[in-house]
Amino acid sequence: MQSENKRLTAIIVLALLLVVLVAGAAEAGPPHQTAGAEQDECQDCHSVIHTAWARSGHGQAGADPAFREAWQEQGSPPECLQCHTTGYDPATGAFVVEGIACENCHSPLPDEHPEQIMPTQVSSDFCGACHLDTYAEWQTSGHGAEDMTCVKCHNPHTNKLLTTGVQVVCQDCHSDETHAFSATTHADEGVLCTDCHLKIGDSPAGEGHGQRQHTFAVDLDTCDSCHNEELHVQGQDSPSPPAADTNLLPASLQTNRPPTAETPGPPEATTLTVAILLVVGLLFGLAVGPWVEQRLHKGNW
């Protein structure tokens, strides 16, 4: 009896120790993020994101040699630091972090994180505060009319597209257009959506330093950039374009195409035609059936 009591006591003691250890680990949890934390604290939990950010245009916004050279050529205007640093104070010219740091887009920092969700600024208005030219172009576009925000296509941590290929980004919304485009000569030549709809501007970089125009519009200059020699000059007769073989187009582009005289198609049976034929067949069977049965019964057949 005493041995059984000792065994039971040992089991209870081990169970209590296990409960204490588990409770302590749960209470410790992941490291806490307190308000006003230093930038390096973020990488303790978000090391992959932190590494990608440190190499990105946002992370290098203040140290990028191209920015430093252009900034110094203009006399180092302090207002540029409003977008190229984090925590910039116009009164003193001081800033907290060189570049666009975490707290610039994730603010205000909660008192306790990760227990409290970190806020994230995802509106295009927020991005447009620095990317002025690109934001103005986006507002005039169909994407802007649909309020399709910047983060739908761009990863703010890497400053690259959300996927490895631009065609994948576009076809998530424009599936019909990308399917039809895949059967064109442009696609065979390796032309991408961005080659025509996000052309590189020839004007000097402006506010926001956007290289590609975000109106997503295609104009004559877009075509001329590749087909300059094929366009006729003033006074020259325009050559008649060759007849397109529409049979090579996707089915979605062959709608409303009149039938040619050389290959008339057979008339299509409609539901009404089939129904009429069925009714006529039944009436014929009811009328002729008794006569056929009588002839068979008399042995005339």
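Two salt bridges are found in the structure, which is a predicted model. Side chains of opposite charge can pair when their charged atoms come close, and each of the two pairs is worth a look in turn.

One salt bridge joins glutamate 98 to arginine 68, with 3.8 Å between the closest N and O atoms. This pair ties together distant parts of the chain: glutamate 98 lies in strand 2 (residues 97–98), arginine 68 sits in helix 3 (residues 65–73), and 30 residues separate them. Glutamate 98 has a relative accessible area of 37% and is partly exposed. Arginine 68, at 30% relative accessibility, also counts as partly exposed.

The other salt bridge is formed by the side chains of lysine 199 and aspartate 219, at an N to O distance of 3.1 Å. Here too distant parts of the chain are linked, with the partners 20 residues apart; lysine 199 and aspartate 219 are both placed in the loop between helix 12 (193–197) and helix 13 (220–227). Because its relative accessible area of 18% falls under the 20% limit, lysine 199 is classed as buried. Aspartate 219, by contrast, is partly exposed, with a value of 35%.

Helix 3, already met as the home of arginine 68, offers some detail at its ends. At its start, a side-chain oxygen of aspartate 64 comes to within 3.2 Å of the backbone nitrogen of alanine 66. After the helix comes glycine 75, which has a positive phi, near 90°.

Another point to visit in the model is alanine 136, which belongs to helix 7 (residues 132–139). With a relative accessibility of 39%, alanine 136 counts as partly exposed. Its C-alpha atom is 8.8 Å from that of threonine 215, although the two residues are 79 apart along the chain.

A word on confidence helps in reading these features. The mean pLDDT of the protein is 74, and 61% of its residues reach 70 or more. Over residues 6–37, however, the pLDDT is below 50, and the model gives this stretch 22 contacts beyond near neighbours in sequence. Residues 238–267 likewise have pLDDT under 50, and for them the model has 12 contacts beyond four places in sequence.

Notes: Residues are numbered from 1 along each chain as its sequence is written. This is a predicted model: local features need pLDDT of at least 70, side-chain atom pairs count only at pLDDT 80 or more; totals for chains, interfaces and linings use all residues. Side-chain values use heavy atoms; hydrogens and water are left out. A salt bridge is a side-chain nitrogen of Lys or Arg within 4 Å of a carboxyl oxygen of Asp or Glu. Helices (H or I, at least four residues) and strands (E, at least two) are DSSP runs, numbered from the N terminus. Buried means under 20% relative accessible area, exposed over 50%, partly exposed in between (1.4 Å probe, protein chains only). A polar contact is a pair of N or O atoms within 3.5 Å; within protein, one must be able to donate a hydrogen and the other to accept it, and residues adjacent in sequence count only if both atoms are side-chain atoms. pLDDT is the predictor's confidence in each residue, from 0 to 100. Contact means heavy atoms within 4.5 Å.
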